[in-house]
Amino acid sequence: MTPRKLMDLPPPALWKPSDFGFDPRKFPAFRPGQPEAVAAILCTDKKYIFLQAPTGLGKTFIIATLQRILDQQVVYTCTTTLLQDQALRDFSDCLISREPFGATLKGRSNYRTRLNPFPAWDASLCQQTTENRRHCAWCCKNPDPDKESDCEGEGHCPYRLAKQAALDAPLPI
């Protein structure tokens, strides 16, 4: 989908989710108030938008629709990891094209380490940084702080993989 301006779209009352690439089997119609909320957000010149609305309005779908119209990455934040999981579940296969759409990024303590049992050890214990290339004792079998090469666990770190997926996703959650 190419970027479209609000004036290039029909009136919000005529919008259908399939107009924006959403699978009509999963999203047959917008809920009352959703198209109007999308239109109102599109009319602002603000860089950051905070959407506060009642449970059940479909805030995630409003944000997903904005992402499709703007054709750029839109970050959706929510207050709990359960809401992140729900949003990802609801939008993992929402597009007609079946292209990847959403990805979650949680705090490091929600991810396993490569070598140690979870939840006693988690990714928040990782000491590796991109600046000094220190090895993470929780992921690397043979950490050698004097060695300049990458940690052998770096490509397998669940947190770093989730972070990269979120950076690449149209709708990081």
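Is Tyr111 buried or exposed, and what is its relative accessible area? Tyr111 is buried, because its relative accessible area of 11% falls under the 20% cut-off. Keep in mind that this is a predicted model, so everything below is read off computed coordinates.

**The overall layout**

Let's zoom out for a moment. The protein has 4 helices and 2 strands, and going from the N terminus the elements run α-α-α-β-α-β. Buried residues make up 34% of the 173 residues. As for how the chain folds back on itself, take the contacts with a separation of 6 or more: 59% of them join residues 24 or more positions apart.

**Aromatic pairs**

Back to the rings. A search of the whole structure turns up 11 aromatic pairs. Here are two of them:

| Pair | Centre to centre | Angle between planes | Geometry |
|---|---|---|---|
| Trp15 and Phe20 | 5.4 Å | 75° | edge-to-face |
| Tyr111 and Tyr159 | 5.7 Å | 70° | edge-to-face |

Trp15 and Phe20 are both buried. In the other pair, Tyr111 sits in the loop between strand S1 (102–103) and helix H4 (158–168), while Tyr159 belongs to helix H4, so this pair ties together parts that are 48 residues apart in sequence. Tyr159 counts as buried too, at 10% relative accessibility.

There's also an aromatic cluster, made up of Trp15, Phe20, Phe22, Phe27, Phe30, Phe61, Phe91 and Phe101.

**The nonpolar cores**

Some of those names come back in the core. The largest nonpolar core has 26 residues, and Trp15, Phe22, Phe101 and Leu171 are the ones with the most contacts inside it. Helices H1, H2 and H3 each put in at least two residues, with H2 giving the most, at 6 residues.

Phe101 is worth a look on screen. Setting aside neighbours within four places in sequence, its contacts include Phe22, Ala64, Phe91, Leu95 and Leu171. Polar and charged partners turn up as well: Gln67 and Arg68 are among the residues that Phe101 touches.

Apart from the largest core lies another one, of 5 residues, and Tyr111 is among them, as are Ala123, Cys157 and Ala162. As a general matter, nonpolar side chains tend to be buried together in soluble globular proteins.

**Helix H1**

How many of the 9 residues of H1 are buried? The count is 7, so H1 is largely enclosed by the rest of the structure. The buried ones are Gln34, Pro35, Ala37, Val38, Ala39, Ile41 and Leu42, and H2 is part of what covers them.

**The largest pocket**

Finally, the open space. The largest pocket holds about 1200 Å³. Its lining counts 41 residues, and Leu51, Lys59, Thr60, Ile63 and Tyr76 lie nearest the centre. By type, the lining divides into 22 nonpolar, 12 polar and 7 charged residues.

Which helices supply at least two residues each to that lining? They are H1 (34–42), H2 (59–70) and H3 (81–91). H2 gives the most here, with 6 residues. That makes H2 a good thread to follow through the model: H2 gives the most to the largest core, gives the most to the lining of the largest pocket, and helps cover the buried residues of H1.

Terms used:
Residues are numbered from 1 along each chain as its sequence is written. This is a predicted model: local features need pLDDT of at least 70, side-chain atom pairs count only at pLDDT 80 or more; totals for chains, interfaces and linings use all residues. Side-chain values use heavy atoms; hydrogens and water are left out. On a 1 Å grid over the protein atoms alone, a cavity is a set of points where a 1.4 Å probe fits but cannot get out, and a pocket is an open set with protein on both sides within 12 Å along at least five of seven lines; lining residues have an atom within 4 Å of a point. Grid points are joined across faces, edges and corners, and a volume is the space filled by probe spheres set on the points. Buried means under 20% relative accessible area, exposed over 50%, partly exposed in between (1.4 Å probe, protein chains only). Contact means heavy atoms within 4.5 Å. Rings of Phe, Tyr and Trp (its six-membered ring) pair if their centres lie within 6.5 Å; planes under 30 degrees apart count as stacked, over 60 as edge-to-face and the rest as tilted. A nonpolar core is a set of buried Ala, Val, Leu, Ile, Met, Phe, Trp, Tyr and Cys residues joined through side-chain atoms within 4.5 Å.
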